[in-house]
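This report concerns the structure shown below. It takes up strand pairing, a residue near the start of the chain, a helix and the cysteines in turn.

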Amino acid sequence: MKVEHYCKRNVAAINGSADVVDVARLMRERHVGFLVVFRDNDPLRCPIGVVTDRDIVLQVTAKEVDPRAVTAEDIMTRQPMIATEEDDVSDLIEGMRLAGIRRAPVVDSRGALSGIIAIDDVIDVIATLLGHVAGSIKTEQRREWHRRQA
C-alpha cells in the first residue's frame with residue numbers, strides 16, 4: 001500500500017516568512033491545526049518544516065510574545081518526518097510511531113509538496129479493510145449455512 005493512494009492532496013501550507021497571526025488565520029480558515037512550511041518563492045513548495053497550533057500556544061501565547069514579531073520559520077519543527085508518495089504505508093506508520101507524530105507531509109519524486117498523511121487516514125483505510133474481511137467471513141458463513149440446509 002503506497003502513501004500516494006491514501007494521502008490527502010489539499011494541503012494547508014504557508015511560507016516561512018509569514019507571521020504567526022497569518023499562520024493562525026490560515027489554520028482557522030482551513031480548520032486545521034497543522035501547516036506545512038516552505039521557503040518563500042519556492043514553486044515546488046518543498047517542505048522545510050511544520051507548524052502546529054500547539055507550537056503557537058507553547059512558543060508564542062504562553063510566553064506572551066508578540067505574534068506579529070514571530071514567523072512560521074521561527075516556531076516550526078525543522079526537518080520533520082517527510083513521506084514520499086512511493087513509501088509503504090506500514091513503514092511510514094512505524095516511523096510515525098517511533099517519532100511520536102500523527103501527521104507527515106508527502107512529497108513527489110522532485111521533493112515537491114503533494115499531500116499530507118495522518119494517522120486518521122490510515123485508521124480509515126484499516127477500518128475499511130477490516131470491514132471487507134468481516135464481510136467475507138459473514139458471506140462464507142451464510143454460504144455454509146445454506147449448503148447445510150440444502
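## The three-stranded sheet

In this predicted model, three strands form an open sheet with mixed pairing, arranged in the order β5-β6-β7. Its edges are β5, residues 83-84, and β7, residues 113-118, each of which pairs on one side only.

Strand β6 spans residues 103-107 and pairs with β5 in the parallel sense, over two bridges. Across this pairing, T84 stands opposite V107 of β6. In general, strands of a sheet pair through backbone hydrogen bonds, either parallel or antiparallel.

## V3 and its surroundings

V3 belongs to the segment that precedes β1 (13-15). With a relative accessibility of 0%, V3 counts as buried.

Which residues does V3 touch, not counting residues up to four places away in sequence? The contacts are A83, T84, E85, D87, D88, V89, L92, V106 and I117. Of the residues in this list, A83 and T84 make up the edge strand β5, V106 falls within β6, and I117 falls within the other edge strand, β7. V107, the residue opposite T84, is separated from V3 by 104 residues in sequence, while the C-alpha atoms of V3 and V107 are 9.9 Å apart in space.

## The buried side of helix α2

Helix α2 comprises residues 53-61, and its buried residues are D55, I56 and V60. These residues lie on the same side of α2, because they cover an arc of only 100° around the axis.

What covers the buried residues of α2? The covering elements include two helices, α1 (20-30) and α3 (72-75), together with the strands β3 (47-52) and β4 (77-78).

## The cysteines C7 and C46

The structure holds zero disulfides. C7 takes part in none, and the cysteine sulfur nearest to that of C7 belongs to C46, 16 Å away. A disulfide is a covalent bond between the sulfur atoms of two cysteines.

Why is C46 not bonded to C7? The sulfur of C46 is 16 Å from that of C7, its closest cysteine sulfur, and this is too far for a bond; the cut-off for a disulfide is a sulfur pair within 2.5 Å.

Are the two cysteines buried or partly exposed? C7 is buried, with a relative accessible area of 10%, whereas C46 counts as partly exposed at 24% relative accessibility. The two fall on either side of the 20% limit under which a residue is classed as buried.

Conventions
Residues are numbered from 1 along each chain as its sequence is written. This is a predicted model: local features need pLDDT of at least 70, side-chain atom pairs count only at pLDDT 80 or more; totals for chains, interfaces and linings use all residues. Side-chain values use heavy atoms; hydrogens and water are left out. Buried means under 20% relative accessible area, exposed over 50%, partly exposed in between (1.4 Å probe, protein chains only). Two strands pair if DSSP finds at least two bridges between them. Helices (H or I, at least four residues) and strands (E, at least two) are DSSP runs, numbered from the N terminus. Contact means heavy atoms within 4.5 Å. The arc is that of the directions from the helix axis to the C-beta atoms.
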